[in-house]
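Okay, thanks everyone, let's get going. I'll put the model up and then walk through the sheets, a few loops and the aromatic pairs.

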Amino acid sequence: MTVTPKEADLAGPGIGDYEQLARVLPQDYEPLLDPLETMRALYEAKRFIEDHLCSELNLMQVQVPLIVDTASGVNDYLDRDGSRTPIQFHISNDRDDHPIDAEVVQAATKWKRMALRQFGLQPGEGLLTDMRAVRKDYFLDHDHSAYVDQWDWEKAILPEQRTLDYLTGTVRSIWKVLVEADALLRERFPALADGRFPALPAELTFLHAEDILEAYPDLPRKQRETAILQDYPAIFIYGIGWTLADGYPHELRAADYDDWSTETLSADGRPMHGLNGDILVWNPVTRRRHELMSGGIRVTKEALVRQLELSGQLDFLELPYHQAILSGEIPLSVGAGIGQSRTMMLLLRKAHLGEVSVTVWPQVLKDMCARRNIRVLE
């Protein structure tokens, strides 16, 4: 079967092998901070961002699982093509008399919505987690790692808040925190105020996936994003997951958390779909598109059934998480995952994720980085 470039670009990092990565990594890289300064700046920014996300969105920090029961259905499958599966293991417990089949978390997206009920949070209240996960099926490049750290947050909302306006206001609040963190770091660590790398734009540009396709109808998704970021260096793309006019979604999205199918209207009154999206920026160090956040308003029971039907996954409705949505046992909510290392890579003007997080990398990648003065932590 022949796979078109658009089909191949629906999931994954968009870098297919290490020959291609060798052409992507910068050849003229000089880190602005050494490894120790990097850690100092990283934790100053981390504290600032966590405190201010809580203040802006009315969140409280809570504990988050690293492993979950396989039977719960709360693990995140990241997309709907089945290409990214969690690490599973058996806990024999009590000589296998009371065993548990468990999975390592890939993201806490579904767990967070259940946790709103567990912590008794009401509309307007939410939670923030310091989430750690393992994604074994990623291709390990400059901004994808098997080890994932995110600020996974979730907030209970009212039915009338399930709108693009509410989502837009929420995303603007998050962007405000990131812009302020950038300003703080540039003040506290003057080396980061290097003229080659401008401060984050004060405002995001909000665009629909449909509009970006219309502007670049022949380009695959990541090339469309790269093209639009030349005009708007920081954007939020609405409606990721819905099938667009060319027969493909902007990107594959799981069917059971973000609402990407509900009909909406653009600001100028045109019909659109989806109450979710991504924050993307242009990274002046890597000179590539750079995703920071993915999320949105979560599915109602109607949207859940519709999206599972569209993705051929109606059997999921038997799982406890999905049953809780169908029976109205968990709140309506909005939420997202903000990549911590991705954010720090951007704010600290780094060329590689491994400069701000410690994980495993193949030798071919470590050698490639060493030749380019990129100090990957081990």
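Let's start with the smaller topic on my list, an open sheet of three strands in the order β2-β4-β3, with antiparallel pairing. At its edges are β2 (67-69) and β3 (88-91), each of which pairs on one side only. From one strand to the next, the twist averages 35°.

Before I go on, the housekeeping. This is a predicted model, where local features need pLDDT of at least 70 and side-chain atom pairs count only at pLDDT 80 or more, while totals for chains, interfaces and linings use all residues. Residues are numbered from 1 along each chain as its sequence is written, and side-chain values use heavy atoms, with hydrogens and water left out.

Some vocabulary too. Strands (E, at least two residues) and helices (H or I, at least four) are DSSP runs, numbered from the N terminus. Two strands pair if DSSP finds at least two bridges between them. For twist, the axes are lines fitted to C-alpha atoms, for helices over the stretch in contact, and angles run from 0 to 180 degrees between N-to-C directions.

Back to the three strands. β2 and β4 (residues 100-104) are antiparallel, with three bridges. One bridge to look at puts aspartate 69 with alanine 102 in β4.

Now, what sits on the surface here? Leu66, Ile67, Ile87 and Phe89 make a nonpolar patch, with about 320 Å² of accessible area together. A patch takes residues with over 30% relative accessible area and no salt bridge; nonpolar side chains (Val, Leu, Ile, Met, Phe, Trp, Tyr) are joined within 5 Å, like charges within 9 Å. Areas are Shrake-Rupley with a 1.4 Å probe, and for residues only the protein chains shown count as cover. A salt bridge means a side-chain nitrogen of Lys or Arg within 4 Å of a carboxyl oxygen of Asp or Glu.

Of that patch, isoleucine 67 belongs to strand β2. Isoleucine 67 has 41% relative accessibility, so it counts as partly exposed. The cut-offs are under 20% relative accessible area for buried, over 50% for exposed and partly exposed in between, with a 1.4 Å probe and protein chains only.

While we're here, click on the loop between β3 and β4, where you'll find arginine 95. Its phi is near 55°, positive in a residue other than glycine. At 72% relative accessibility, arginine 95 is exposed. Asparagine 58 is another non-glycine with a positive phi, about 60°. Asparagine 58 sits in the loop between α3 (35-57) and β1 (59-61), and at 45% it counts as partly exposed.

On to the other sheet. Eight strands form an open sheet in the order β1-β5-β6-β13-β12-β11-β8-β7, with mixed pairing. The edges are β1 and β7, each with a single partner strand, so one side of each has no neighbour in the sheet. Twist here averages 25° from one strand to the next.

Between β5 (residues 126-134) and β6 (residues 147-156), which run antiparallel, there are nine bridges. Arginine 132 stands opposite aspartate 149 in β6.

How many of the eight residues of β11 are buried? Seven, so to speak a mostly covered strand, residues 276-283. β11 pairs antiparallel with β8 over five bridges, with isoleucine 235 partnered by leucine 280 in β11. β11 also pairs antiparallel with β12 (residues 288-297), over eight bridges. There, asparagine 283 is partnered by arginine 288 in β12. β11 and β12 form a hairpin with four residues between them, and arginine 287 in the turn has a positive phi of about 55°.

Last stop, the aromatics. A search of the whole structure gives four aromatic pairs. The rings of phenylalanine 206 and phenylalanine 236 have centres 5.7 Å apart and planes at 50°, so that pair is tilted. Phenylalanine 206 is in β7 (residues 205-208) and phenylalanine 236 in β8 (residues 234-238), 30 residues apart, so the pair links distant parts of the chain. For the terms, rings of Phe, Tyr and Trp (its six-membered ring) pair if their centres lie within 6.5 Å; planes under 30 degrees apart are stacked, over 60 edge-to-face and the rest tilted.

Both rings belong to buried residues: phenylalanine 206 has 18% relative accessibility and phenylalanine 236 has 0%. Together with Tyr238, Phe206 and Phe236 form one aromatic cluster. That's me done, over to you.
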